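Work through the exercises below with the structure open beside you. Try each task before you read its solution.

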Amino acid sequence: MATFPAQRPRRLRRTPAVRRLVAEIRLHPADLILPVFVREGLTQPEPISSMPGVFQHTEKSLLQAADDAALLGLGGIMLFGIPSVRDAHGSAGLDPEGILNRSIAAVKERVGDALPVMSDLCLDEFTDHGHCGVLDDQGAVDNDRTLGLYARMAAVQAAAGADVVAPSGMMDGQVEVIRAALDDAGHQNVAILAYSAKYASAYYGPFREAVDSQLTGDRRQYQMDAANRTEAIKETELDLAEGADMVMVKPAGSYLDILSDVAEVADVPVSAYQVSGEYAMIEAAAANGWIDRRAVVLESLTAIRRAGATSVLTYYAAEAARWIREDQSPLRRSTTAEP
Ligand code: PBG
């Protein structure tokens, strides 16, 4: 007598429509946050060679990217500024007329409340030594003196119109001083997206080109060590206690265990940042014809969401949003049917 498997999980994988029915994770444009670079003094968008398809924007092309992001219904746009002049204290980041702050204002004026405007709150793009804070006389980043600058930066970014500020410098106590500075300046409604578990990662390599980073050395004295998992919980709990409205894990792809842990303990939305090196690896393999670019991008974003991210910062945000729209179109019914 023939025996049959009592359980047949394959039943629910039979057709695209059935798989769609039972999918636990769906990508939506609103889950995706687009990081953008705007460089002072640029007259036309400048390609970033290690990130094919990503550009340093001019102040004008930035507005087109923002329009596009708003029309696509993305979750937000995250601004990084590249000043033409840098100094030891990162003054250009504190200047209301500096490239980042005036770009926040311009984007906010353009998109209004249609798209959350987010700003990177860190000094590394503005310092001539490329570190995320000011240095002490040993050349180490001085945590507490840096906090004062972050507090001022937060108030300036909020005054420019940022809906969300995103401190990425990994200084101890940064969320607390930023919350206080925002509240003192009357910006109670500006939210903090804290880079809580941010690792010292070689995957940030192409970003350094993207922002023309002046960094020599590394950030291992302030960003987390890749070997550590428990510490991510500690960092998250501290940021939550200090008033973070959202928390982030960064990088994403190689840190899905961390993301899962953080999502478990956080009672706020959790973001993950698919960083420049993750983008570059996909692009390089796809350019060689070694992987299916679109499939890998969507799979990587699905995996990040599945691990626990409510939103993903990704350089693919606009393109992926277009793909998601296409895939949802009923016109794709005939093309996605398979035996
Ligand atoms: C710091 C910052 C970095 C990135 C985002 N914010 C660089 C760093 O910490 O060294 C990296 C993002 C990426 O690699 O895509 N302002």
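**Exercise 1. A strand and its partners**

The model is predicted. Find the strands that pair with β1, and say how many bridges join each pair.

*Solution.*
Step 1. Start with strand β10, residues 311-314. It runs parallel to β1, and 2 bridges join the two. Within this pair, L32 has V312 as its bridge partner.
Step 2. Turn to strand β4, residues 76-82. β1 and β4 also pair in the parallel sense, over 7 bridges. Here R39 is matched with I82.
Step 3. Look at strand β3, residues 55-57. It is parallel to β1 and joined to it by 2 bridges. F37 of β1 stands opposite Q56 in β3.

**Exercise 2. The two faces of β1**

Take the residues of β1, 32-39, and decide how many are buried. Then sort them by face.

*Solution.*
Step 1. Count the buried residues: 8 of the 8 in β1 qualify.
Step 2. Sort them. L32, L34, V36 and V38 lie on one side. I33, P35, F37 and R39 lie on the other.
Step 3. Conclude. Both faces of β1 are covered.

**Exercise 3. Checking a helix**

Test whether the length of helix α5, residues 143-160, agrees with its number of residues. Then list what its buried residues pack against.

*Solution.*
Step 1. Helix α5 has 18 residues. The expected span uses 1.5 Å times one less than the number of residues. That gives 26 Å for α5.
Step 2. Compare. The end C-alpha atoms of α5 are 25 Å apart, which agrees.
Step 3. Pick out the buried residues of α5. Among them are T146, L147, L149, Y150 and A151. M153, A154, A155, V156, Q157, A158 and A160 are buried too.
Step 4. Find what they pack against. The helices are α3 (91-94), α4 (99-111) and α6 (174-184). The strands are β5 (117-121) and β6 (164-167).
Step 5. Look just past the end of α5. There G161 takes a positive phi of about 125°.

**Exercise 4. Around the ligand**

Which residues are around the ligand? How many are nonpolar, polar and charged?

*Solution.*
Step 1. List the residues: D120, C122, D124, S168, Y204, F207, R219, V275 and S276.
Step 2. Divide them by type. The shell holds 4 nonpolar, 2 polar and 3 charged residues.

**Exercise 5. Annotated positions**

An unreviewed UniProt entry gives "binding site" for E235, and "binding site" is also listed there for R208 and R219. Place each residue, and decide whether it is buried or partly exposed.

*Solution.*
Step 1. E235 sits in helix α8, residues 230-242. A residue is buried if 20 or more other C-beta atoms lie within 10 Å of its own. E235 has 23, so it is buried. Leaving out residues up to four places away in sequence, E235 touches S196, A197 and M224.
Step 2. R208 is in helix α7, residues 205-210. R208 counts as partly exposed because it has 15 C-beta neighbours inside 10 Å. With the same sequence neighbours left out, R208 touches S213 and L215.
Step 3. R219 lies in the loop between α7 and α8. It has 20 other C-beta atoms within 10 Å, so R219 is buried. Not counting residues up to four places away in sequence, R219 touches C132 and A200. R219 is also one of the residues around the ligand.

Notes: Residues numbered from 1 in each chain as written. Predicted model: local features only at pLDDT ≥ 70, side-chain atom pairs only at ≥ 80, totals over all residues. Buried ≥ 20, exposed ≤ 12 C-beta atoms within 10 Å, placed from the backbone. Helix = DSSP H or I, 4+ residues; strand = E, 2+ residues; numbered from the N terminus. Pairing = 2+ DSSP bridges. Contact = placed C-beta atoms within 7 Å. Near = placed C-beta within 6 Å. Nonpolar A, V, L, I, M, F, W, Y, C, P; charged D, E, K, R; others polar. UniProt positions renumbered as here; feature names shortened; annotations may be inferred.
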